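The following exercises are intended for a reader who meets this structure for the first time. Each task is followed by a solution that proceeds step by step.

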Amino acid sequence: MSKRIVGPEIERLIQLLAKVPGLGPRSARRAALHLIKKKEQLLGPLTVAMGDALDTVRVCSTCGNVDTSDPCTICTDPRRDEATIIVVEDVADLWALERAGAMNARYHVLGGTLSPLDGVGPDDLNIRSLVDRVARGGVNELILAVNATVEGQTTAHYITDQLDGLGVKITRLAHGVPVGGELDYLDEGTLSAALKARTVF
Amino acid sequence: MPGDPTNRGAPPPVNIGRLKLTDFRNYLSLAVDLSPGAVVLTGDNGAGKTNLLEAVSLLSPGRGLRRAAYAEIARDGAKGGFVVHAHVEGAQGEADIGTGAGTADPDAEGSLRKVRINGAPARSADEMLEWLRVMWLTPAMDGLFTGPAADRRRFLDRLVLTIDPAHGRRALDYEKAMRGRNRLLADGSRNDGWFDAIETQMAETGAAIAAARFEMVRLLKAMIERTPEEGPFPRADLALSGVLEAGLASGAAIDAEEDFRRRLAEGRERDRAAGRTLEGPHRSDLLVRHRPKDMPAELCSTGEQKALLVGLVLSHARLTGELSGMAPILLLDEIAAHFDHRRRAALFGILDDLGCQVFMTGTERELFSAIEGRAQFLTVSAGAVSAG
Ligand SMILES: Nc1ncnc2c1ncn2[C@@H]1O[C@H](COP(=O)(O)OP(=O)(O)OP(=O)(O)O)[C@@H](O)[C@H]1O
Ligand SMILES: [Mg+2]
Ligand SMILES: [Zn+2]
C-alpha cells in the first residue's frame, strides 16, 4: 500500500477522471491537479457546466441522438434536408460526419450493431423507430453509414430488409471506409469522399 | 491474387539480419546475427531450437508454429510478456519489426499481440506480410494427412495467407458471423430477418475464403507440374472438399455464394438441432494424393508422407516467391531426421535454388554435413546461441 498524499475528495476526483477516455491514471492526476490549482477559473465553471449538462442531457426521441433538447438540435434545424437520413451506429459517428461537414441531412442513431455474441438484438437498437420514421413518409433516401465490420454490415442488411416495400432509396457508403475501420476514427476527407461516392444497397 | 506464376527466376530473398528475444520461453535475452540462406541450429534436446523457430514464426500473423497461448510463451518467472524483434532486409528495403504479448497487464486484451513496424504501431499483424512471409514445417505436422481435417484446413489457410495477406481478415470475419449464427441457434431465435442478415455475411465472406483457397490450390498444382517428375520429393495431387469449394470447381463464385446462402437458410432447423452450423468453409478439407504411388496420402508410409509434405511446402515456397516477389523464410524443424543422406542433399540443393533464408534444426551437426561451408551453423544450448 502506498501512502496517501491527498484527501478523499481529490482522490475520488482523480479516480473519476481516470475513467474518461484518453485519460489514464497519470494524466488524470495531472488534470486533477490543474483543476484544483485553477479552482476559480476552471473547477468552478466546470462544475456548473457539468451540473447543467446532467440536468438537461437527454436522448432525442426522433433520432436517438444525445443533446440537451428533445427533439435535438439537428432534428429541429430547418435548414437540413428532411428527406435524407444518415443512419449511424453511434453518436460519435454522427459527430464525425458533422465535423466532415459533407452532408446537410438528418440522422438516425442506432445505438450499436446487431451482435448475438454480445447479446445485442434488433429490439436493443433504434431500428423500430427508424422504420416508423420512414413509414411516416417524407424520406427519400437513407444512407447506411455503418462501419465495414461484420456486425455493421449485418445490421445494414437487416435494416434494408425491414424497410423493404416502403419505397425509400437505400444507399451505403462506398469503399473508402476500410474493413474494420470505425467511422469515428476516419479523417474528414475520407469521410466526405465516402459519402459522395455512396452506392445503392 | 495476382496471375499465374511465370518462369522469371528467384525473387529477391528476404532475410532476418538480426533477431532479438526477450523473455521468450527459455530465452531470458538473446541477440543473434543471422546470415542469408541456410541457418542450421543444432543442440541437445530442450536446448531451445524449436523455441527460436517459434519466435520467427510470430513474425507472421497468427499464434505461431505451436499455436500456443501468449502467456505460455512468456518465460516462466518473467514479470512482463515476451518480445521478439527482427531486423529484416528485403526487397522493399529494411524494416524493424517488433512483436510482443502475454503481459500480466489486467486491462490488456489477453489474446492480442502488439506489432510495431519501424517504430510505429501496426494496424494489424497482417502488416508484417508486407515485409516478409514465413512458412514452417514441424514434427507436430507429421500426422497432418492422417489427423483431423481441422489441422489440414488450418495448414491450407496458412498456405493461402502466406500468399494472400487478406485471407486472415476474411477468416476472422467469417468466424465472427458464424459464431453469431451459432449463438442465435443456441438461443432458439426465430428472427428470420436476423438470420438472413447474418447468413448473407457468412455467404459473402465464406465465398471469398473458398475462392482464395481454390485459387491457391490451382496455382500450387500448376507449380507442382513444373517440378521434375523424378525429383527427390514425390509430386502431390491436390483437391478441395467442401460445399463452397465444390461449387467453385463447377461454376462461378457468385453462384457458389448464392447457393451457400440458400443452404444455410434451408439448414436452420438441422443446425438448430445440432446446436451449430454444420456446413460451410469451416468444414472443408484439403485432399492430398501421392501421385507416383497413386495413393491417398494418409495410406502412405511415414517417410513417404513426410516427403510428400516437404515437396508441397517447397513448391509453395516457390509459388510464394513468384507471386509476392519475396522469397519466404522457411522454418524446417527437425527436417533432416526422416531422410537418408541422398534425400537430404537433394533438399539442401532445392533450398539453395529457392534462395530462401531457411532455419533448420537437428540434434546432430552431421545431418547437415552436406552444407558445411555453405550455411551458418549455430549451436543452441540452454537458451543461448553461439557460432559454430
Ligand atoms: N515459457 C517458458 N519459460 C521457460 N522455459 C520454457 C518455456 N516454454 C518452454 N520452455 C522450455 O524450453 C526448453 C527448450 O524447448 P525447445 O522445444 O526449444 O527445445 P529443442 O531445442 O527444440 O529440443 P528438441 O531437440 O527436443 O526438439 C524446454 O526445456 C522447455 O521446458
Ligand atoms: Mg525441438
Ligand atoms: Zn434528433
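**Exercise 1. The zinc site**

How are the donor residues of the zinc ion (ligand 3) spaced in sequence? Establish also which atoms bind the ion and what geometry they form.

Solution. The model is a predicted one.

Step 1. Identify the donors. The protein donors of the zinc ion (ligand 3) are the SG atoms of A:Cys60, A:Cys63, A:Cys72 and A:Cys75, at 2.3 to 2.4 Å from the ion.

Step 2. Read the spacing. In sequence, the donor residues follow the pattern C-x2-C-x8-C-x2-C.

Step 3. Assess the geometry. Four donors count as tetrahedral if all angles lie between 85 and 135 degrees. The four donor atoms here subtend angles of 106 to 115°, and therefore the arrangement around the zinc ion (ligand 3) is tetrahedral.

Step 4. Consider the burial of two of the donor residues. Both A:Cys60 and A:Cys63 are buried.

**Exercise 2. A cis peptide bond and an exposed arginine in chain A**

Determine which residues are joined by a cis peptide bond, and decide whether A:Arg79 is buried or exposed.

Solution.

Step 1. Recall the general expectation. Most peptide bonds are trans.

Step 2. Locate the bond. A:Asp70 and A:Pro71 are joined by a cis peptide bond, with omega at about 0°. A:Pro71 belongs to the loop between strand E2 (66–67) and H4 of chain A.

Step 3. Turn to A:Arg79. This residue is found in the loop between helix H4 (73–76) and strand E3 (81–88) of chain A. A:Arg79 counts as exposed because its relative accessibility is 67%, the cut-off for exposed being over 50%.

Step 4. Compare sequence with space. A:Arg79 and A:Arg172 are separated by 93 residues in sequence, and their C-alpha atoms lie 23 Å apart.

**Exercise 3. The surroundings of ligand 1**

Describe how many residues surround ligand 1, which polar contacts are made with it, and which elements contribute to its shell.

Solution.

Step 1. Count the neighbours. Ligand 1 is surrounded by 18 residues, the closest being B:Gly46, B:Lys49, B:Thr50, B:Asn51 and B:Arg66.

Step 2. List polar contacts. From the side chain of B:Arg25, a polar atom lies 3.2 Å from a nitrogen atom of ligand 1. An N or O atom in the side chain of B:Asn45 is 3.0 Å from an oxygen atom of ligand 1. For the side chain of B:Thr50, the corresponding distance to an oxygen atom of ligand 1 is 2.7 Å.

Step 3. Assess the cover. Of the 660 Å² of accessible area that ligand 1 has on its own, the protein covers 71%.

Step 4. Assign the shell to elements. Two or more residues are given to the shell by each of helix H1 (49–57) and helix H2 (70–73) of chain B. The largest share, three residues, comes from H1(B).

**Exercise 4. Positive phi values in chain B**

Compare B:Asp23 with B:Arg67 in backbone angle, place and accessibility.

Solution.

Step 1. Recall the general expectation. Most residues other than glycine have a negative phi.

Step 2. Examine B:Asp23. Its phi is positive, about 50°, although it is not a glycine. B:Asp23 is placed in strand E1 (residues 15–24) of chain B, and it counts as buried because its relative accessibility is 13%.

Step 3. Examine B:Arg67. Here too phi is positive, about 50°, and the residue is not a glycine. B:Arg67 lies in the loop between H1 and H2 of chain B. With a relative accessible area of 40%, B:Arg67 is partly exposed.

**Exercise 5. Two helices of chain B**

What span does helix H5 of chain B reach, and which residue caps its N-terminal end? Examine two residues of helix H3 as well.

Solution.

Step 1. Compare spans. Helix H5 (residues 192–226) of chain B has 35 residues and reaches 50 Å from first to last C-alpha, close to the expected 51 Å.

Step 2. Find the cap. At the N-terminal end of H5(B), the capping residue is B:Asn191, with a side-chain oxygen 3.2 Å from the backbone nitrogen of B:Gly193.

Step 3. Examine B:Thr162. This residue is in helix H3 (residues 149–163) of chain B and counts as buried at 3% relative accessibility. Its side chain reaches the backbone oxygen of B:Arg158 at 2.6 Å.

Step 4. Examine B:Asp157. Helix H3 of chain B also holds B:Asp157, which counts as buried at 17% relative accessibility. B:Asp157 and B:Leu286 are 129 residues apart in sequence, with 9.9 Å between their C-alpha atoms.

Technical notes: Residues are numbered from 1 along each chain as its sequence is written. Chains are lettered from A and ligands numbered from 1 in the order in which they are written. This is a predicted model: local features need pLDDT of at least 70, side-chain atom pairs count only at pLDDT 80 or more; totals for chains, interfaces and linings use all residues. Side-chain values use heavy atoms; hydrogens and water are left out. Donors are N, O and S atoms within 2.8 Å of the metal (3.2 Å for Na, K and Ca); water is not among the atoms, so sites may look incomplete. Four donors count as tetrahedral if all angles lie between 85 and 135 degrees; four count as square planar and six as octahedral if opposite donors are over 155 degrees apart and all others between 65 and 115; anything else is irregular. Buried means under 20% relative accessible area, exposed over 50%, partly exposed in between (1.4 Å probe, protein chains only). Helices (H or I, at least four residues) and strands (E, at least two) are DSSP runs, numbered from the N terminus. The expected span of a helix is 1.5 Å times one less than its number of residues. A polar contact is a pair of N or O atoms within 3.5 Å; within protein, one must be able to donate a hydrogen and the other to accept it, and residues adjacent in sequence count only if both atoms are side-chain atoms. A residue is near a molecule or strand if one of its heavy atoms lies within 4 Å of it. Accessible areas come from the Shrake-Rupley method with a 1.4 Å probe; for residues, only the protein chains shown count as cover.
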